[in-house]
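Biologist: I would like to learn how to read the features of a model. Please take them in turn, the general idea before the case.

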Amino acid sequence: MTKPFLEAEPGTVYESQVWPGLSLGYGERHLLLESPAELDGLSSAVYGGGHGMLRRMVNIYVDRNYRCDDPQRDIAGLLREWGHPAEGTAGLLTAVPLRYAAVAEERGEDFAVFCCATAGASNAARAGVRRTTFPASWTPGTINLLLAVDGRLTPAAMVNAVMTATEAKTAALGDLGVRDAENGLSATGTTTDAVVLGVSQRADWPLLHAYAGTATDLGGTVGRLAYAAVSESLRAASAGVRR
């Protein structure tokens with residue numbers, strides 16, 4: 001577990017310790033996770049979301065006064081400004097300062113997993129209860145997860161991995177005592193969370209993972225890393241707010 005940019009200057013690049021060629025760059029306003037090869041992607045990203053091939057994930061900082069009229073247009077403009085290709089890019093927006101990003105990674109016998117979280121709890125919410133909602137609502141993500149797996153996964157296992165990461169995020173919020181301010185109940189997330197999963201599908205991994213739940217080696221690793229990254233980013237962000 002590391003917070004690679006807490007004391008770093010923009011321009012710093014964190015090189016994965018478990019996946020050669022995978023890098024996380026720290027810019028003035030964005031984090032850029034780049035893969036050495038194309039990834040099989042699944043995400044809720046506001047830009048480039050859904051299921052498709054990815055080469056990079058971009059987590060962009062905006063302040064809390066950001067107008068959310070057309071985030072896709074805004075992200076496209078920023079990608080052009082920074083020289084990042086639109087094709088193969090999943091783009092997220094966050095109101096969490098990027099220096100609070102946390103990274104957790106681990107390599108197993110049949111996979112390697114990298115997880116980066118930017119996490120804040122200012123709009124923590126609990127799913128499954130009646131609370132204030134809107135017909136259509138979008139604001140910058142408060143908990144964004146960038147998840148990359150070097151391994152072979154079926155489409156079902158990819159969905160399973162996203163489920164496991166989400167469960168781990170909820171566990172982290174519960175253990176840190178984060179509450180839904182509207183009703184005082186334990187929060188399961190925030191109103192604006194997002195996750196991007198990219199899978200290498202490299203043929204030289206012999207095992208094809210059909211599952212990624214908590215009973216599996218892969219799912220157990222995804223859960224531990226998501227829990228650790230969300231917890232550490234939340235602690236860092238909370239400490240930063242208090243200073």
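Modeller: What follows goes through strands, a helix, aromatic pairs and cores. This is a predicted model, in which local features need pLDDT of at least 70, side-chain atom pairs count only at pLDDT 80 or more, and totals for chains, interfaces and linings use all residues. Residues are numbered from 1 along each chain as its sequence is written, and side-chain values use heavy atoms, with hydrogens and water left out.

Biologist: How are strands and their pairing defined, and in which sense do β2 and β3 pair?

Modeller: Helices (H or I, at least four residues) and strands (E, at least two) are DSSP runs, numbered from the N terminus. Two strands pair if DSSP finds at least two bridges between them. Here β2 (residues 23-26) and β3 (residues 30-43) are antiparallel, with 4 bridges. The connection from β2 to β3 is a hairpin of 3 residues, and Y26 stands opposite L31 of β3.

Biologist: Which strand shares 10 bridges with β3?

Modeller: That is β4 (residues 50-61), again in the antiparallel sense. E34 has R56 in β4 as its bridge partner. The hairpin of β3 and β4 has 6 residues between the strands, and G48 in this hairpin has a positive phi near 75°. β3 also runs antiparallel to β12 (residues 194-199), to which 4 bridges join it; S43 is opposite V196 there.

Biologist: Now helices. How does one check the length of α2?

Modeller: The expected span of a helix is 1.5 Å times one less than its number of residues. With 21 residues (155-175), α2 should span 30 Å, and its end C-alpha atoms are 31 Å apart, which agrees.

Biologist: And which residues of α2 are buried?

Modeller: Buried means under 20% relative accessible area, exposed over 50%, and partly exposed in between (1.4 Å probe, protein chains only). An α-helix has 3.6 residues a turn, so residues three or four places apart point the same way. In α2 the buried residues include A157, A161, T164, A165, A168, A172 and L173.

Biologist: What comes after α2?

Modeller: G177 follows α2, and its phi is positive, near 75°. G177 belongs to the loop between α2 and β11 (189-190). With a relative accessible area of 46%, G177 is partly exposed. Its C-alpha atom is 8.3 Å from that of A187, 10 residues apart in sequence.

Biologist: Where is R224, and what does its side chain contact?

Modeller: R224 is in helix α3 (residues 217-242) and is partly exposed, at 45% relative accessible area. A polar contact is a pair of N or O atoms within 3.5 Å; within protein, one must be able to donate a hydrogen and the other to accept it, and residues adjacent in sequence count only if both atoms are side-chain atoms. The side chains of R224 and T221 make such a contact, at 3.3 Å. R224 also lies 10.0 Å from A172, C-alpha to C-alpha, with their positions 52 residues apart along the chain.

Biologist: How does one describe aromatic pairs, and how many does the structure hold?

Modeller: A pair of aromatic rings is described by the distance of the centres and the angle of the planes. Rings of Phe, Tyr and Trp (its six-membered ring) pair if their centres lie within 6.5 Å; planes under 30 degrees apart count as stacked, over 60 as edge-to-face and the rest as tilted. The structure holds 2 such pairs. F5 and Y26 are stacked, because their ring centres are 4.8 Å apart and their planes at 20°. F5 is in the segment before β1 (13-15) and Y26 in β2, 21 residues apart. F5 is buried at 0% relative accessible area, and Y26 is buried at 12%. The pair of Y14 and F114 is tilted, with 6.5 Å between centres and 40° between planes. Y14 lies in β1 and F114 in β7 (residues 112-119), so this pair ties together parts 100 residues apart in sequence.

Biologist: Last, what is a nonpolar core, and which residues have the most contacts inside the largest one?

Modeller: A nonpolar core is a set of buried Ala, Val, Leu, Ile, Met, Phe, Trp, Tyr and Cys residues joined through side-chain atoms within 4.5 Å. The largest has 34 residues, and V113, L197, L218 and V230 have the most contacts inside it. Among the elements that give two or more residues to this core are β7, β12 and α3, while α2 gives the most, 8 residues. Apart from it lies another core of 26 residues, including L31 and M57.
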